[in-house]
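Please take a look at the model shown here before reading on. The questions that come after it ask how its parts are arranged.

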Amino acid sequence: MICFWWKRKSSKNSQKKTKDYSHTHKLTNHTSLDKVKVDLKLNGKKDDSKNDQLALDLKSLKLKVPISADGNDNGSRAQTFSFDELAAATGNFRSDCFLGEGGFGKVYRGQLEKINQVVAIKQLDPHGVQGIREFVVEVLTLSLADHPNLVKLIGFCAEGEQRLLVYEYMPLGSLESHLLDLLPGRKPLDWNTRMKIAAGAASGLEYLHNKMKTPVIYRDLKCSNILLGEGYHPKLSDFGLAIVGPSGDKTHVSTRVMGTYGYCAPDYAMTGKLTFKSDIYSFGVVLLELITGRKAIDPTKSHKEKNLVAWARPLFKDRKKFPQMVDPLLEGQYPARGLYQALAITAMCVQEQPNMQPAIGDVVTALNYVTSQKYDPQIDRVQRCRSPSSPRVRRGDHKHKHNVSDDGNERDRSVN
Ligand SMILES: Nc1ncnc2c1ncn2[C@@H]1O[C@H](COP(=O)(O)OP(=O)(O)OP(=O)(O)O)[C@@H](O)[C@H]1O
Ligand SMILES: [Mg+2]
């Protein structure tokens, strides 16, 4: 028997969980199911954390860090900071420096005089749902990683009971705040930006899976963990759940199920067998959120529409229904071909069987192709007017059966 329980943030935490979506210090209470972490134990077995392959030795943090393939220190060594330095950087954790709060604790914007840099400082909440393990794994993973689509860890503080993480500051905040919890007056993301964010996030994931000396499964891919820099440059953040992937003949890592409800791959949730494909499923959910503007889990929606993937599955089978899936906030400003391609990638990523899902390298290649075709609403409008056989004209033509390659406009077919 499989025993589920949802590891909720304590009600105290849920109450406290607020976010600054505008970066104008306007705070919004935010509690929803999509924030609920999954913690599933198999057959009532005890937590098999011995199988978690990352050493949790705090002492090694300062030592065995980033030596790149060519043997050089890659310059991303995490620095240590004193608690006083971090308190000074945030004006003693002043409320006007508060950026938001997650399972680890509160996040503040700070100015670190020692390195003359604006940073984001995350302070571990001793009563929160995350703890020392997440802190250590975060520092280990990010100390070993160096990629333009992964948030940079500048340093940390481990002084007495205090555990704080210091990151580069990401001025545009999380993807979630631009896509799913859009404040009135904030402009929705356009099509090109959405695809650029997807391609960047995929690149970060590819680095974790394929390019790190010790490949890592991320386990916490979701919109709130994709942070945005200038020009909406995306970076993955929050590596506290990351785990070293299977190596040699092994196909999976057996571990308790952790992640966020709605993003967690069904086979991993059922069996506790974690594979690189578990991240691919979560990536597919994020891509679906980018296309539809809907949340992975939305308790405010009707039963049929609560779970985004369950809602999307039948629609993937009918190309004529693709436009119904698009975020209404795009107001029709998207390329029919690009939509088809993006949905084809999404449908493959959220397949239930991991062996049917693409590897991250293929996802990156496909998304780079999608982003290479920049969508220009002006040109699109002119082309549609000129061509009587344009996709929008054909979309309603049920008898029309074309068989043209990758465009998604000419074929009457589904993506699944
Ligand atoms: N480096 C950063 N730069 C700017 N803002 C950040 C940074 N890191 C986190 N934030 C902001 O802090 C808030 C809380 O982030 P945090 O990662 O702790 O929680 P979360 O992602 O919402 O939830 P979870 O605990 O499930 O990951 C978010 O609004 C996020 O945008
Ligand atoms: Mg986060």
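What follows is a set of questions and answers on this predicted model.

Residues are numbered from 1 along each chain as its sequence is written, while chains are lettered from A and ligands numbered from 1 in the order in which they are written. The model is predicted, so that local features need pLDDT of at least 70 and side-chain atom pairs count only at pLDDT 80 or more, whereas totals for chains, interfaces and linings use all residues.

Q: How many helices and strands does the chain have?
A: Helices (H or I, at least four residues) and strands (E, at least two) are taken as DSSP runs, numbered from the N terminus. On that basis the chain has 14 helices and 18 strands.

Q: What percentage of the residues of the chain count as buried?
A: A residue is buried if 20 or more other C-beta atoms, placed from the backbone, lie within 10 Å of its own, exposed if 12 or fewer do, and partly exposed in between. Applied to the 416 residues of the chain, the buried portion is 41%.

Q: Which strand gives the largest share of the shell around ligand 1?
A: The shell holds 21 residues, the closest being Gly 100, Gly 102, Gly 103, Val 107 and Ala 120, where near means that the C-beta atom, placed from the backbone, lies within 6 Å of the molecule or strand. At least two residues of the shell come from each of β7 (98–101) and β9 (117–124). The largest share, three residues, is supplied by β7.

Q: Why does ligand 1 lie between two domains, and which are they?
A: The domain bounds come from an automatic or database domain assignment. Residues of the shell around ligand 1 are given by both domains, so the ligand lies between domain 1 (2–15 + 173–415) and domain 2 (49–168).

Q: Which residues have the most contacts inside the largest nonpolar core?
A: A nonpolar core is a set of buried Ala, Val, Leu, Ile, Met, Phe, Trp, Tyr and Cys residues joined through C-beta atoms within 7 Å. The largest such core has 100 residues, and both domain 1 and domain 2 give residues to this core, so it lies between them. Those with the most contacts inside it are Val 166, Ala 202 and Leu 287.

Q: Which residues is Val 166 in contact with, leaving aside its neighbours within four places in sequence?
A: Two residues are in contact if their C-beta atoms, placed from the backbone, lie within 7 Å. With those neighbours left aside, the contacts of Val 166 are Phe 81, Leu 86, Val 119, Ile 121, Ile 154, Gly 155 and Phe 156.

Q: How far apart are the end C-alpha atoms of helix α5?
A: Of the 21 residues of α5, 16 are buried, so the helix is largely enclosed by the rest of the structure. The expected span of a helix is 1.5 Å times one less than its number of residues. For α5 (residues 191–211) this expected span is 30 Å, which agrees with the distance between its end C-alpha atoms, 29 Å.

Q: How many of the 14 residues of α11 are buried?
A: Helix α11 (residues 336–349) should span 20 Å, which agrees with its end C-alpha atoms being 20 Å apart. Its buried residues include Leu 339, Tyr 340, Ile 345 and Cys 349. The helix is largely enclosed by the rest of the structure, because the number of its residues that are buried is eleven.

Q: Is Asp 238 buried or exposed?
A: Asp 238 is found in the loop between β14 (234–236) and β15 (243–244), and its phi is near 70°, a positive value in a residue other than glycine. Not counting residues up to four places away in sequence, Asp 238 touches Asp 220 and Asn 225. Because Asp 238 has 27 C-beta neighbours inside 10 Å, it counts as buried.

Q: What is the C-alpha to C-alpha distance between Leu 290 and Trp 191?
A: Leu 290 is found in helix α7 (residues 276–292) and is buried, with 24 other C-beta atoms within 10 Å. Leu 290 and Trp 191 are 99 residues apart in sequence, and their C-alpha atoms are separated in space by 8.9 Å.
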